[in-house]
Amino acid sequence: QKICIIGLGYIGLPTAAMFATHGHSIVGVDVNEVVVNAINQGKIVIEEPYLDIMVQAAVTSGNLRAQTYPEEADVFIIAVPTPITEDKKADMSYVEQAANSIVPYLKPGNTVILESTSPPGTVYDLLIPILEKSSLKIGDELFVAHSPERVLPGRILVELVENNRIIGGINEKSCEIVKSLYSTFVRGEIFLTDARTAEMCKLMENTYRDVNIALVNELSIICERLGINVWEVVRICNKHPRVNLHLPGPGVGGHCLAVDPWFIVENNRQDANLIKMAREINDNMPIRVYNKIKKLTQNISNPKVIILGITYKADVDDLRESPILKIIDLLEKDKNIEISIVDPHIKNFKYLNNNLFEAVKCADLIVLGVNHQEFKEIDFNMLLKHMRNYIILDTRNMWSQKELEALGFNYYLLGNGTN
Ligand code: SAJ
């Protein structure tokens, strides 16, 4: 089939490449010409394991080409961002623009799939009214479904194939058409439901994770005050067959967990208490890390602080909603503190110096923000030669307290009330 995919970002592009390498003819659309030109040369501008190889194969086969405007197709997939506004509401402008952009190209028998994460009601209240401008009979001549993406950055290509998939069609025919389409590459189970339920399922999956992380972050604060090591509590509790505590840390980032719960809160303020509070707990974690940094450097004049890792999580190049950026914002306001950043996944950022040994010259405190693989193999003996004071704040429980203390570091683990 011919598929037109609007939005060639973290979801649209892997999906396009996947369909293209499974025999479909794909026109990828993005407003960003840099992205479009790169793809047409078989290259990518984002970091995701194996995506470069797949895009290259897809483009070389002739099944994938990119452009800045849509064209006629059998199926249209909308995979544009749904960010959050300042006042914590879903910004649906990209979905709106994408939907409007395909209206002139819609023909009887076409299918429109919304993959973007959206507040419950989006398909009926926003998408369908736009699609109706085509004068096609919705559900009869034009089939519509919400099939939310649920893949984990860093494992996108594996999870696109192996994860179960939700398809929320506006009627049975829409469900069946979309199911047979995704069946070309999905090996997981495909669950059919209505559009509104699909919208809520997607939001609740990320909310479940956010609330669980908030629970353990709250526990981490309590443990620190009571002189208990939260990491030990989590390790032991999780031996129970029905307990699965998540991992505490410096906060929750990314364009999903830090955003999606607000899409539920938005129109349910009177009922969504736990969900809202969890968001607030996680959003406050960077302040706690900042306070800890202040405490650890209080007796040093003009302390130099090195932040290792600033992305929203390990082994990705994505900075969206990263809690580490909030810590940096707070540190910046403190004119006495000198900041240096090391992140092998980032090429361009203020204070960035990816030569670790140069960055730590005369440093007093190393803060591990993100547990990238690269930071597992650090030569701490070399660090000792360059630093002024030997303090470490590990927010991810990546390193061994015993080993670092034996080398002469003052090692602090976030959430460990015993150190
Ligand atoms: N985090 C913790 N503690 C944990 C787990 C994560 O603090 O125990 C933090 C991470 O450091 C990061 C944030 O949470 O800052 C989010 O990371 P993540 O790995 O939990 O999730 P994402 O945002 O990369 O991807 C999520 C996934 N959702 C679920 O697992 C329910 C993914 O499957 C979704 O497709 C994706 O959101 C999305 O696009 O919605």
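**A ligand, two domains and a pair of helices**

In this predicted model, the ligand is surrounded by 20 residues, and the closest of these are His246, Leu247, Gly253, Gly254 and Cys256. Sorted by class, the shell around the ligand consists of nine nonpolar, six polar and five charged residues. Both domain 1 (2-188) and domain 2 (194-419) take part in this shell, each of them giving at least three residues.

These two domains are the ones that the domain assignment gives for the protein chain, and their C-alpha centres lie 33 Å apart. Where they touch, domain 1 contributes 27 residues to the contact and domain 2 contributes 23 residues. On the side of domain 1 that touches domain 2, the elements giving two or more residues are helix H5 (122-131), strand E6 (143-146) and strand E7 (165-169), and the largest share, four residues, comes from E7. The residues on this side of domain 1 fall into 15 nonpolar, eight polar and four charged.

We can now turn to a pair of helices. Two packed helices are described by the angle between their axes and the distance between the axes. For helix H11 (residues 273-296) and helix H12 (residues 323-333), the angle is about 45 degrees and the axes are 9 Å apart, and H11 and H12 are therefore oblique to each other. Their crossing is right-handed. From H11, the residues Met285, Pro286, Ile287, Val289, Tyr290 and Ile293 meet Pro323, Lys326, Ile327, Leu330 and Leu331 from H12. By class, this contact of H11 with H12 has 10 nonpolar residues, one charged residue and no polar ones.

Note on methods: Residues are numbered from 1 along each chain as its sequence is written. This is a predicted model: local features need pLDDT of at least 70, side-chain atom pairs count only at pLDDT 80 or more; totals for chains, interfaces and linings use all residues. Axes are lines fitted to C-alpha atoms, for helices over the stretch in contact, and angles run from 0 to 180 degrees between N-to-C directions. Angles under 35 degrees count as roughly parallel, over 145 as roughly antiparallel, 65 to 115 as roughly perpendicular and the rest as oblique. A crossing is left-handed if the near helix is turned anticlockwise from the far one by less than a right angle, and right-handed if clockwise. Two residues are in contact if their C-beta atoms, placed from the backbone, lie within 7 Å. Ala, Val, Leu, Ile, Met, Phe, Trp, Tyr, Cys and Pro count as nonpolar, Asp, Glu, Lys and Arg as charged, and the others, Gly among them, as polar. A residue is near a molecule or strand if its C-beta atom, placed from the backbone, lies within 6 Å of it. Domain bounds come from an automatic or database domain assignment.
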